[in-house]
Amino acid sequence: PTYAGCSFKLTKHTTKRLYFTGTAYYYKTDEEIDATKKPFTLAPADPSKYLTKTVDFEMQITDDGNSWLFTKFGYLG
């Protein structure tokens, strides 16, 4: 399937961790592909028009508190 876009949603957070899901959207048929559109980065109004894949992500702040690192990374591709 051809990639249409993605969205991310924060599901939980603490002072040291962020938990979120990412959803990739794919066109269901080749006829729906619109090559003039760039992939979107917000959830579509009607997600049922797409095939989807959702994965969980988790980030943790470093000990020095200056940056975030993935502790759980899902592949949306």
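Is Y3 buried, partly exposed or exposed? I will come to that after the sheet. A word on the source: this is a predicted model.

The sheet is open and has four strands, in the order β1-β2-β3-β4, and the pairing is antiparallel. At its edges stand β1, residues 3-13, and β4, residues 68-72. Each of these two has a single partner strand, so one side of each is left without a neighbour in the sheet. On average, and ignoring direction, neighbouring strands in this sheet are turned by 35 degrees against each other.

Next, the pair β2 and β3. Strand β2 covers residues 17-27 and strand β3 covers residues 50-61. These strands pair in the antiparallel sense over eleven bridges. To pick out a position, T23 has T54 in β3 as its bridge partner.

Now back to the opening question. Y3 lies in strand β1. Its relative accessible area is 38%, and because buried requires under 20% and exposed over 50%, Y3 counts as partly exposed. Setting aside neighbours within four places in sequence, Y3 is in contact with A24, Y25, Y26, Y27 and P39. As for L42, its C-alpha is 14 Å from that of Y3, with the two positions 39 residues apart in sequence numbering.

Last, a loop residue. T62 is found in the loop between β3 and β4. With a relative accessible area of 16%, T62 is buried. Apart from neighbours within four places in sequence, T62 is in contact with S67 and L69.

To put the two residues side by side: Y3 is partly exposed, and T62 is buried.

Conventions: Residues numbered from 1 in each chain as written. Predicted model: local features only at pLDDT ≥ 70, side-chain atom pairs only at ≥ 80, totals over all residues. Heavy atoms only, no water. Pairing = 2+ DSSP bridges. Axes fitted to C-alpha atoms, helices over the stretch in contact; angles between N-to-C directions. Buried < 20%, exposed > 50% of the residue type's maximum accessible area, 1.4 Å probe, protein only. Contact = heavy atoms within 4.5 Å.
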